[in-house]
Amino acid sequence: MKQIDNYINGSYIPPVSGNYLENFEPATGKPYSQVADSGPNDVEQAYQAASVAFPSWSKTSLEERFLIMNRIAEGIERRMELLAVAESIDNGKPVSLARRMDIPRAAANFRFFATAAMQFASESHEMPGTAINYTLRQPIGVVGCISPWNLPLYLFTWKIAPAIATGNTVIAKPSEMTPMTAYLLGEICTEAGLPAGVLNIVQGLGPSAGQAIVSHPGIKAISFTGGTSTGAHIAATAAPVFKKLSLELGGKNAFIVFEDSDFDRVVSEAVRASFSNQGQICLCGSRIIVQESIFEKFTAAFVEKVQQLRIGDPQDENTQIGALVSEAHFHKVSSYIALAQSEGGKILTGGNSVKLSGRCTDGWFLEPTVITGLSQNCRTNQEEIFGPVVTIQSFKDEAEALVLTNDTRYGLATSLWTRDLSRTHRMSAAIQSGIIWVNCWLLRDLRTPFGGVKDSGVGREGGWEAMRFFTEAKNVCIAY
Ligand code: TXE
């Protein structure tokens, strides 16, 4: 069985403990590899490598960083099929999705921030006749990047790329549930000529390996994506020692459909926003709210399209709905279906586990599920389910749509469908979320700030926001 070791100082090395964790394939429910069960000693090894590499890497020319990061992107692209299959096996997502979204975006992350490294500048301010101020934006040093299981390589590289582009050295930990593509990134970086110690990949559990990164006194900034409760725990660990934090957390996003929207497009986009990656994207539209004048018509059309989704072996090219990432997550999501029914919800389609034949017979599959008849303040409409389960409810007018949209503890993303330009501006200004898509969903420009408000996190990733997160601004004031 494949052993997934740590990548430290440019080489793959086993965990100090010698212990490994079973890594399961969600589609079969069976272990298919073993992942290093790392802890504080492994993080210390990584920290030593990263701190030795920092002086040289932080002085590496921007052109050299640009060239190396583009070679990493090329290495990812050359291994597109290998990485897409690995991602699909590890996570349970359809291989077509990994090939279309996850892996190309991982390459794009390195390309984007390679270019950003060349363009990143700061500013100067003259005090006429008195002084000149200039702002130095310097790398922080050794930084920690911790990423989740839902978009494994996509989110892992979204943090690593800006961190190294700005001259930092990195200790990065993928989720213990999806370690494979992060593991494969190590050899790609070595092949691209990334100097040893610039990127160190430590595998293992959150409370051991992750906690060791967050609490290490030498690691000065943490970029985290994951659950809100984990984010709160990380903040409690990091805050007393004044570490810089970026927390991308959970969401319970509204997908708002007004009667004047493009009906056929909004129906198909609602299906995509609800069930892509089995609904395991923090940006998914898990609460569909529809103007009452078209509620029946929309609901019928939406349910019909959901019922056409093909559930199957993630390795099958035609599969649209794959497996949930773990047995625990499968039971968590299933429990929310039962909860919804106990709260008075009516299941319009789905609600059942799926028993496939052949190799996937013991996999963790759930039908895409649509539930109606629930109040906004019930748990099903308030808590992040993070699976192929959406609720659908109606609203009378713009005022009610806004109340429903904002009525959760989260504030990550919203998808608003209307042709009314004034309404678009009014609602976009009033909606409490960090991202608002109008007549689209998951359309991403990497230059834009990315992040949530309320319990969806603090800090922003993307574009100059990410470059600024991984640098410290120093003001130098020189008197004439
Ligand atoms: O996230 P966790 P999980 C939500 C979603 C999901 C829930 C839990 O609701 O059901 O979070 O998912 C590491 N110190 N999202 O279990 O536990 C962990 O090893 C340091 C939304 O995947 O937050 C992993 O690498 N690190 C989210 C990473 O944190 C710790 C995407 C995420 O794990 C740690 C994923 C600790 N004490 C889940 N405990 C989004 N916004 O996209 C865990 N980790």
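**Two pockets and the domains that line them**

In this predicted model, the second largest pocket has a lining of 21 residues, and those lying nearest its centre are Arg100, Arg272, Ser276, Leu309 and Gln320. Two helices, α4 (95-119) and α9 (263-275), are the elements that each contribute two or more residues to this lining. The space in the second largest pocket comes to about 440 Å³, and its lining is made up of 9 nonpolar, 8 polar and 4 charged residues. Seen at the level of domains, domain 1 (2-249 + 456-479) and domain 2 (254-449) each provide at least three residues to the lining of the second largest pocket.

From here the reader can turn to the largest pocket, whose volume is about 870 Å³. Its lining comprises 38 residues, among which Trp149, Phe224, Gly226, Gly227 and Thr230 are the closest to the centre of the pocket. At least two lining residues come from each of α7 (206-215), β11 (221-225), α8 (228-238) and α11 (327-342). Sorted by class, the lining of the largest pocket holds 17 polar residues, together with 14 nonpolar and 7 charged ones.

Where, then, does the largest pocket lie with respect to domain 1 and domain 2? Because residues of domain 1 (2-249 + 456-479) and residues of domain 2 (254-449) both enter its lining, the largest pocket lies between these two domains.

Notes: Residues numbered from 1 in each chain as written. Predicted model: local features only at pLDDT ≥ 70, side-chain atom pairs only at ≥ 80, totals over all residues. Heavy atoms only, no water. 1 Å grid on protein atoms, 1.4 Å probe; cavity = no way out; pocket = protein on both sides within 12 Å on 5 of 7 lines; lining within 4 Å. Points joined across faces, edges and corners; volume = space filled by probe spheres on them. Helix = DSSP H or I, 4+ residues; strand = E, 2+ residues; numbered from the N terminus. Nonpolar A, V, L, I, M, F, W, Y, C, P; charged D, E, K, R; others polar. Domains from an automatic or database assignment.
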